[in-house]
Amino acid sequence: MDVSILVDLKKNHINVGDVFYLPLGEADGITPKNGQNYRDKYIVVLGKDSNGDLILATAINTRDYSANEEMRNYQYPLPKSKYTFLKHTSYLNCYNYLPEMNIDKLIKADYVGCLDDEDISYIKGLIIDSPLSKRKILKKFKIIE
């Protein structure tokens with residue numbers, strides 16, 4: 001089968017709530033550790049643009065990285081008992097999202113699962129309510145109308 005057909009197929013089947021594991025660096029909004037150029041991270045797709053070329057995503061962290069009470073209110077726990085692809089209970093950062101990402105970046109990423117509809121709905125509410133969210137971006141990625 002033609003590789004381009006497989007790439008198009010994968011692109012068309014990336015949905016809100018899908019979780020991927022991939023290397024991300026500073027250009028992706030992630031600070032690498034220990035002198036590395038990247039860190040392997042789990043991300044959750046929040047939305048796609050109207051062309052399906054760009055995604056908006058947020059990172060899953062192993063700890064609650066809230067520097068203050070306001071940030072703490074936007075850390076959404078993802079229990080390992082519910083999401084078995086995680087090594088332990090982790091936290092989705094709903095305070096801010098990662099920079100826009102070309103969907104091609106996910107073509108080589110590992111798909112690990114999908115969040116359930118109830119969690120997706122709650123997470124979208126947190127993202128919309130976050131003081132760092134920009135309406136223009138939320139509209140572009142169909143999180144709001």
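Start by colouring the 145 residues by burial: 43% of them count as buried in this predicted model. Now show the molecular surface. About 8,400 Å² is exposed, and carbon and sulfur atoms supply 49% of that area.

Next, switch to cartoon. You'll find 4 helices and 7 strands, and walking along the sequence gives α-β-β-β-α-β-β-β-β-α-α. The radius of gyration is 15 Å, close to the 15 Å from the globule rule for 145 residues, so the protein is as compact as a globular protein of that length. Draw a box along the principal axes and the C-alpha atoms fill roughly 50 × 40 × 30 Å.

Time to go inside. Select Ile-60, Leu-78, Leu-92, Cys-94, Leu-115 and Ile-123: within the largest nonpolar core, which has 27 residues, these touch the most other members. Then highlight strand 2 (39–48), strand 3 (54–61), strand 4 (75–78), helix 3 (117–129) and helix 4 (135–140), each of which supplies at least two residues of this core. Helix 3 gives the most, with 4 residues.

Zoom in on Ile-60. Which residues is it in contact with, leaving aside neighbours within four places in sequence? Pick out Val-19, Lys-41, Tyr-42, Val-44, Leu-78, Leu-86, Ser-90, Tyr-91 and Leu-92.

Apart from the largest core lies another one, of 15 residues; select Ile-14, Phe-20, Leu-24 and Ile-30, which are among them.

Two whole-chain checks to finish. If you plot a contact map, 64% of the contacts with a separation of 6 or more come from residues 24 or more positions apart. And if you mark the charges, 20 positive and 20 negative, their mean positions are 3 Å apart.

Definitions and conventions:
Residues numbered from 1 in each chain as written. Predicted model: local features only at pLDDT ≥ 70, side-chain atom pairs only at ≥ 80, totals over all residues. Heavy atoms only, no water. Rg over C-alpha atoms; globule rule 2.2 N^0.38 Å. Buried < 20%, exposed > 50% of the residue type's maximum accessible area, 1.4 Å probe, protein only. Contact = heavy atoms within 4.5 Å. Areas by Shrake-Rupley, 256 points an atom, 1.4 Å probe, with all protein chains shown as cover. Lys, Arg positive; Asp, Glu negative; His and termini not counted. Charge placed at Lys NZ, Arg CZ, Asp CG, Glu CD. Core = buried A, V, L, I, M, F, W, Y, C linked by side-chain atoms within 4.5 Å.
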